[in-house]
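Let's take a friendly walk through this model together. Have the sequence and the coordinates open as you read, and stop wherever you like to check a contact for yourself.

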Amino acid sequence: GGAKPFQLAAGVVTYSGNGGEREVQISETSTARVNLAGDAVHDTGAGYTITEALTGLAAALRGEAGAPTMAAALTQIEGAREHLAGQTSEAGERSSRIRLAGERIAATRLNAVSERSQVEDADYLETATELKRAETRMQAALQVGARSMQTTLLDYLR
């Protein structure tokens with residue numbers, strides 16, 4: 001198996017997961033990110049990580065020596081919660097952009113199919129009309145030819 005994204009050693013949790021973001025093509029000129037970088041989610045940006053806030057709260061609850069005060073631990077937990085809410089909002093925005101792009105692509109496909117159908121139908125109608133005209137011209141030519149070549153039994157006997 002691969003390396004685990006979180007490692008606990010001597011009471012300290014370290015993150016060694018993927019920090020990359022993936023993008024998908026949503027138009028000929030645009031891409032959209034589909035995920036959040038794991039390290040950006042883990043690090044609150046306030047000088048501590050989510051796991052540090054949790055381990056600090058656990059240490060404060062146990063009354064360990066050197067543990068943050070309960071108030072400090074709860075402040076970090078609240079900061080971590082707000083950070084996660086912001087990351088969740090960002091993930092929702094990305095999801096919404098991708099969904100809207102998908103709807104635009106589906107609408108564009110539908111329009112293209114509709115326009116192609118109209119073009120093909122127009123060609124079919126034009127072809128059918130031209131075929132009918134050719135048939136009428138051929139019948140007229142056959143009638144003229146039949147009249148000019150009419151022979152009777154008397155004409156044949158002469």
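Which residue forms a salt bridge with Glu-130? The partner is Arg-133, and the closest N and O atoms of the pair are 3.6 Å apart. Keep in mind that you are looking at a predicted model. The cut-off for a salt bridge here is 4 Å between a side-chain nitrogen of Lys or Arg and a carboxyl oxygen of Asp or Glu, so the 3.6 Å contact between Glu-130 and Arg-133 counts.

How do these two residues sit along the chain? Glu-130 and Arg-133 are 3 residues apart in helix 3, a spacing of about one helical turn. As for their surroundings, Glu-130 has a relative accessible area of 38%, which makes it partly exposed. Arg-133 is partly exposed as well, at 48% relative accessibility.

Now look at Lys-132 and Glu-135, whose side chains meet in a salt bridge with an N to O distance of 3.7 Å. Lys-132 and Glu-135 are again 3 residues apart in helix 3, or about one turn. With a relative accessible area of 34%, Glu-135 is partly exposed. Elsewhere, salt bridges that share partners tie several residues into one network: Glu-21, Glu-23, Arg-33, Glu-90, Arg-94 and Arg-97.

Helix 3 covers residues 70-148, and Glu-78 and Arg-81 belong to it too. These two form a salt bridge in which the closest N and O atoms are 2.7 Å apart. Along the helix, Glu-78 and Arg-81 are separated by 3 residues, about one turn. Is Glu-78 buried, partly exposed or exposed? Its relative accessibility is 33%, so Glu-78 counts as partly exposed. Arg-81, at 48%, also counts as partly exposed. If you would like to continue the tour of charged pairs on your own, a search of the whole structure finds 11 salt bridges.

Let's finish with the strands. Strand 1 (residues 6-9) and strand 2 (residues 12-15) run antiparallel and are joined by 4 bridges. To find your bearings, start at Phe-6, which stands opposite Tyr-15 in strand 2. How many residues lie between the two strands of this hairpin? There are 2, and Ala-10 in the turn has a positive phi of about 55°. As you follow the strands, it helps to recall that side chains in a regular strand alternate between the two faces of the sheet.

Conventions. Residues numbered from 1 in each chain as written. Predicted model: local features only at pLDDT ≥ 70, side-chain atom pairs only at ≥ 80, totals over all residues. Heavy atoms only, no water. Buried < 20%, exposed > 50% of the residue type's maximum accessible area, 1.4 Å probe, protein only. Pairing = 2+ DSSP bridges.
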